[in-house]
Structure formats: C-alpha cells, structure tokens
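Work through the exercises below with the sequence and the model in view. Try each task before reading its solution.

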Amino acid sequence: MQTPHCRTNNLLLILLGPILLAVGRAAMESQALYEREREPAYWDAQARATLDAALRLRPREHQAKNLILFLGDGMGVSTVTAARILRGQMEGGSGEETMLAMDTFPYVALSKTYSVDKQVADSASTATAYHCGVKANAKTVGLSANAVAYECNTTFGNEVFSVLRRAKAQGKSVGVVTTTRVQHASPAAAYAHSVSRSWYSDADLPSSARRQGCVDIATQLVTNVDIDVILGGGRMYMTPIGTPDPEYPTSNSRKGDRKDKRNLIDVWLKAKPNKKSRYVWHKKEFDEINVKATDRLMGLFEPKDMRFEVFRNSTRDPSIVEMTEKAIQILSKNPKGYFLFVEGGRIDHGHHDGIAKLALTEAVMFDRAIHRAAQLTRESDTLTVVTADHSHVFTFGGSTPRGNPIFGLAPKKADDKMPFTSILYANGPGYVHVNGTRGNITMVDYYDEEYMQQAAVPLDAETHGGEDVAIYAKGPMAHLIHGVKEQNYVAHVMAYAACLEPYKNCPPHPHSRTSSGCVNTTPSHLFGLLSLLWLLR
C-alpha cells in the first residue's frame, strides 16, 4: 500500500513529466542548432535561401482593398528584439534565432518620430502623424500644429482627418482595437479632434473649454465617424455619472463619470437602426457574437485600460488576438473593403512602470495578433503596416551568452561588485539606492511579473525614447515603405494604396494587372521561403 508521500511523488511525476520531457527536447534541439551553427555551410545555406527569396520578391503594384495598421505603442527596436528572444524562450529555444510575425514582412523602413514641438514625442502628436498624415504638437490629437495644447479656441479650423475617416467616406468599413481605453491618444487621433489627449469624457473638460464649444473624446467616438467595430477598454467615460460598472458594481472609482448624463453606448447602438449592432462587456458575450449576423460591434471590457496580458482574466476579457480576429471577421464582410487599426497599447505602460516583463509580454501578444491577422487575410488585397509611435529608454546588454534568459543576469558583476540584470532602463522608478549604493538584486526575484528593473536616473515614470522606430509592410504598394521617412508618411502610403483622399492618380485595380504582379507567390519562391524556415527552425 502506497503512503501519502509516495502518492504525492507519483502525482508530481505525472504532472511534471510532460513538462520535463518538453524542456529536455527543447534543450536537445538547441544543442543540435548550436552544432549546425558552428559550420560555415549552415550560414551559407541560410543566406542563399534568403537571397533567393529576395531576388524573387516583386512589388504588388495594384490598389489595396483593405488596410490594417498595427501600432505597438512604445515598441522601439530594442523592445522588438527583446520580445523576439522572449517568445523564442517561451517556446523552449535560446530565443535569438526566433522569427516574429512582423520579422517576415518583406519591406522595412525607419520612422522619424519627433513632433513639431518636441524632440522626444508623445503618443498624441505621433498618432496624428501616422493617422492623419501631418506632424503636430504634443498633447493634441487630430489637429495640425496650428492648434495649441489645452487652448480650446485653437481647435476650430485646424482639424486634420485620418485614413480611417477617409476610408469610411469611400464606403469601407472601419474598426478600432486597442488594449488601452478606446478614448486613449493612439486610437483617438483616428476619429477625434482635441487640444487635450486627456479630455476623455465631459467630466475632464474645463468649464472654459465647454463654453467655447470643445467636445470630449468619448462623445466624438460615437458622433464624428460611424465606426463599425470598437474594441478595448474605457466604459466609465461612456455612461452617466454614478452608473455602477457591470463588472465592479461596488467600486466607486469605476463608476460612470459623464456629467451630461448621456449614455454614449446607447447613442452608438441607436445611430444605425438599419444595421445589426451589438454591445458587449464580457468575454462570454463576446465569444457568442455571431459575426455573420452582426454588422457593428462595440466591446468595452474594462472601465479604463484593459489589464496587462500577464494579469488578464481569460474568462472575462478577450486578448488582443481574439479582438483582432473578431474585428476582421466582421469588417471583411464589406465588399468595398475595410480599414482596421490595432494597438498594442500597454507595451508603453509596462515600460513607463519600469517593468520589462509586462511590456515584453504585451509585445509578444501584439505579434501574435499580427500572425492571426495574416491567417485571416490575403496579402494580394490587404496592405498591412506594423509600426510604433515612439521608443522607450529600455535596453539590454552586458555581454550575455547565447540563450541567456532575457530577464536574467549579465554574466559579470558591475564595478560596485554587485550583479545586474541584462535589461535596464536609463530612467524611471527602478532607481533605488540604499545608503548611497545600488540595491543587491540577488535579494529579490528578478523573474517576477512585477519586478522593476534598475534605472540610472530616478523618475516616477520611465520616459519615451527619441530614436527612430521601425515600419514593417506587406501587401499592395508595401514597397513604398523603404528608407528613412518622416512618421506622417505612413498615412500617405496607406491613403495612396487604397486610393483615398487626397489621392486621385491611384494604383490600378488588381484585375487590370497581369499575373506577373503575383510572381512572389510562385512555387519556387515558396520553396525558397520553406527552405529558409527549415534552416531557422
């Protein structure tokens, strides 16, 4: 007869056995890859396969039916690289050789992110640039640089209009997906015009701004443009003051806060009586949505921003992958096409908190949404652009060996004789000195979800970085994304590719081109790509 101790050990073996086998298999595969990498033939073959694919690549010089803009808020190049390593390590590899979905895009450029008034920009002015095609001033959304932050009377006459709005004007369906509140700066520039990115509801408007005729961002969300799909957070800005939140009914801080006592969810639902419109706030309702029977969908899953992926309750809130999938399924029913904006907005928030695990996990999920979109769309008719609004003062280094855990330690101690993590921030809340010396991080769990990496300069919140960010593109007219460009160029490429205002001399429709326009889908090209993937596995 087995003792309880033996039964417990057997149970642990049953539960941990598959995990240990997977770890062992991954270690063996990593070792095998390392052995192959020691040989020059491995790198020669990989480069030849890559070169073959590049030689066969041809631009798709016809009009795009659909446009998808993926925006990783705060997703600088160092964040992309670290997220790539994290994803590979999550899958059991060493990480560095991993290919993200965005890494497979054939066209890449650099974006200069400064705004008219700032060397290091914020998310509002940059959103105006990539949505509306003009650079602007910090704190403002959907307005030219003639508008002055917080001065309501400079709003009128300085409005600039987004690709989303122009797409809607030409009969396309349009959607916004974000992991922040849907009234946040990045999505707001797609539909609103405000001298303050923080005027989420009318409760945030100064009385002087109200008197001068300025309108809060939440109201503009449901009145400026008919947006077919709206998914993210931000419930409290949509309902009358004191309205209990359906998910947190006893929380005073999460109640509705509209002073005008309007229910903007109802305004949106009733705006198009001839269409089948649905509102949901819970994942169960979201999952039950019949996309074939739904023309318009609003899903607001948190009072403010959605939860970080690390803390997301998967039974209550959908992921960015699931929201992207649902949005495409609904929008793609329009025979005229669609424009979809998808924001991985909490990459930025994780960095501001100085907590790399939060930021990088958000970036991995953002890339999974890009991958899911690729499965649901055709490169022949959909221009997909992936970019960031700005970077962060986030870095990793320290002569770490191959396969070093991305959240792990650098191999050598610093001059103060203490260890340091590979990931560090130039500034932020992670600056902690005890008796004039840096804290000893071996006394804490630096793999914890909320571990705050050390920073060189003390600040309540870590800051944005000013360096260029990447732009990735695939699909019709994606070859226009190349070189080093001003950030506002992104909006112009999308508008030109889909023949939206102000462009009239547009690319031809795909049916007017010969099959040579699709040469990069020939079997030989696919074989080259498959060979490359085999070598990279």
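The exercises treat a predicted model and cover its sheet, a pair of helices and some salt bridges.

**Exercise 1. Find in which order the strands of the open sheet lie, and which strands form its edges.**

Step 1. The open sheet has 10 strands, in the order 5-6-4-3-7-1-8-16-2-17.
Step 2. Strand 5 (277-280) and strand 17 (483-486) each pair on one side only, and these are the edge strands.
Step 3. On average, neighbouring strands of this sheet are turned by 15 degrees against each other, direction ignored.
Step 4. The pairing in the sheet is mixed. Strand 1 (residues 66-72) and strand 7 (residues 338-344) run parallel and are joined by 6 bridges. In this pair, Phe70 stands opposite Val342.

**Exercise 2. Describe how helix 4 and helix 14 pack.**

Step 1. Place helix 14 (residues 489-497): it lies across strand 1, strand 7, strand 8 (382-388), strand 16 (469-474) and strand 17. Its direction makes an angle of about 175 degrees with strand 8.
Step 2. Helix 4 (residues 123-132) packs against helix 14 at about 25 degrees, and their axes are 5 Å apart.
Step 3. Angles under 35 degrees count as roughly parallel. Helix 4 and helix 14 are therefore roughly parallel to each other.
Step 4. From helix 4, Ala129, Tyr130, His131 and Cys132 meet Val490, Ala491 and Met494 of helix 14. By class, this contact has 6 nonpolar residues, 1 polar residue and no charged residues.

**Exercise 3. Determine which parts of the chain the salt bridge of Glu97 and Arg402 ties together, and whether each residue is buried or partly exposed.**

Step 1. The closest N and O atoms of Glu97 and Arg402 are 3.0 Å apart, and the pair forms a salt bridge.
Step 2. Glu97 is in the loop between helix 3 (77-90) and strand 2 (107-112), and Arg402 is in the loop between strand 10 (394-396) and strand 11 (423-428), so the salt bridge ties together parts 305 residues apart in sequence.
Step 3. Buried means under 20% relative accessible area. Glu97, at 19% relative accessibility, counts as buried, whereas Arg402, at 45%, is partly exposed.

**Exercise 4. Locate Lys168 and Asp226, and state whether they are buried or exposed.**

Step 1. The side chains of Lys168 and Asp226 meet in a salt bridge, at 3.5 Å from N to O.
Step 2. Lys168 is in helix 5 (residues 163-169), while Asp226 is in the loop between helix 8 (217-223) and strand 4 (229-233), 58 residues apart.
Step 3. Both Lys168 and Asp226 are buried.

Terms used
Residues numbered from 1 in each chain as written. Predicted model: local features only at pLDDT ≥ 70, side-chain atom pairs only at ≥ 80, totals over all residues. Heavy atoms only, no water. Pairing = 2+ DSSP bridges. Helix = DSSP H or I, 4+ residues; strand = E, 2+ residues; numbered from the N terminus. Axes fitted to C-alpha atoms, helices over the stretch in contact; angles between N-to-C directions. Contact = heavy atoms within 4.5 Å. Parallel < 35°, antiparallel > 145°, perpendicular 65-115°, else oblique. Nonpolar A, V, L, I, M, F, W, Y, C, P; charged D, E, K, R; others polar. Salt bridge = Lys/Arg side-chain N within 4 Å of Asp/Glu carboxyl O. Buried < 20%, exposed > 50% of the residue type's maximum accessible area, 1.4 Å probe, protein only.
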